[in-house]
Amino acid sequence: MALSAEEFRRMMRRYPAAVTVITTGQAPDRAGMTATAVMSLSMEPVQLVCAINRSTYTHERLVRHGRFCVNVLERGQIAVAKLFSGQGGMMGDARFGDEAWTVAPSGVPMLKGAVLAFDCHLAQCVDAGTHTLVIGEVEAGCGTQALQPLLYLDGAWARAEKVAEPA
Ligand SMILES: Cc1cc2nc3c(=O)[nH]c(=O)nc-3n(C[C@H](O)[C@H](O)[C@H](O)COP(=O)(O)O)c2cc1C
């Protein structure tokens, strides 16, 4: 017997994840969405994978454009996470305030002040239930040790805390 969707959702709320905004397209036709379902996939070739709901606007735009950037948010960027999850009602290109954004080498939007940015081309799409596993080959990346990532845990914004190993 399968676990119910409700129970699975409740369990996954306990699973901590870094908050990203996945961006695609070029002005004035950009799209972006908040996503936590992102992980490293392969080292040869260098690939990551994102699970993106097929009903999102970003999904359609990303598959059409074939390039995207995974921006890992800094813990002070909660407003960006909310905006790109649809809170506030803005859609598509209207979510991009130009002073917060620059352009990655591939031409897609890259968030200023993010902890990490992975500039990818779309290598493969795999259907998985309501979502598509979007596999990106990472062409360029940048990041800083100076900033701390924003996490999502128990349905709330959170931050990572390093703990010392027991002696
Ligand atoms: C913390 C958080 C994490 C999310 N993670 C994902 C995710 O990994 N995949 C996904 O498809 N949607 C995820 N969403 C939902 C999308 O951000 C939301 O549906 C968004 O409005 C899609 O925008 P779009 O339709 O303009 O592309 C997440 C939302 C929040 C608040």
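Which residues touch the most other members of the largest nonpolar core? In this predicted model, they are Val21, Ile22, Cys50, Cys69, Val70, Leu73 and Ala117, out of 28 residues in that core. The elements that each give it two or more residues are strands S2 (20-26), S3, S5, S6 (67-72), S8 (109-111) and S9 (116-128), along with helix H3 (78-83). Strand S6 gives the most, with four residues. As background, nonpolar side chains tend to be buried together in soluble globular proteins.

Leu73 is a handy place to stand and look around. Leave aside the neighbours within four places in sequence, and Leu73 is in contact with Val19, Thr20, Val21, Val80, Ala81, Ala114, Val115, Pro149 and Leu150. Ala114 turns up again if you move to Gly76, which is found in the loop between S6 and H3. The C-alpha atoms of Gly76 and Ala114 are 9.6 Å apart, although 38 residues separate the two along the chain. Is Gly76 buried or exposed? Gly76 counts as exposed, because it has 11 C-beta neighbours inside 10 Å and the cut-off for exposed is 12 or fewer.

Now for the ligand. There are 17 residues around it, and Ala37, Asn53, Thr56, Thr58 and Gly86 come nearest. Strand S3 (29-35), strand S5 (47-53) and helix H2 (57-65) each supply at least two residues of this shell, and S3 has the largest share, with four residues. What about polarity? The shell divides into ten nonpolar residues, seven polar ones and no charged ones. Notice that S3 and S5 also appear among the elements giving two or more residues to the big core.

Asn53 is a good way to step from the ligand to the strand pairing. Its bridge partner in S10 is His131, and S5 and S10 (residues 131-143) pair in the antiparallel sense over seven bridges. S10 also pairs with S9, again antiparallel, over twelve bridges. In that pairing, Cys125 stands opposite Val134 in S10. S9 and S10 form a hairpin with two residues between them, and Gly129 in the turn has a positive phi of about 60°.

Elsewhere there is an open sheet of three strands, ordered S1-S11-S12 with antiparallel pairing. Strands S1 (17-18) and S12 (156-159) stand at the edges with a single partner strand each, so one side of each has no neighbour in the sheet. S1 and S11 (residues 150-153) pair over two bridges, and Ala18 has Leu151 as its bridge partner in S11.

That leaves some backbone geometry to check. Most residues other than glycine have a negative phi, and most peptide bonds are trans. Asp154 goes the other way on phi, with a positive value near 55°. Asp154 sits in the loop between S11 and S12 and counts as exposed, because it has 9 C-beta neighbours inside 10 Å. As for the peptide bonds, the one from Ala27 to Pro28 is cis, with omega near 5°, and Pro28 is found in the loop between S2 and S3. The bond from Glu44 to Pro45 is cis too, with omega near 0°. Pro45 has its place in the loop between strand S4 (38-42) and S5.

Methods:
Residues numbered from 1 in each chain as written. Predicted model: local features only at pLDDT ≥ 70, side-chain atom pairs only at ≥ 80, totals over all residues. Near = placed C-beta within 6 Å. Nonpolar A, V, L, I, M, F, W, Y, C, P; charged D, E, K, R; others polar. Pairing = 2+ DSSP bridges. Core = buried A, V, L, I, M, F, W, Y, C linked by C-beta atoms within 7 Å. Buried ≥ 20, exposed ≤ 12 C-beta atoms within 10 Å, placed from the backbone. Contact = placed C-beta atoms within 7 Å.
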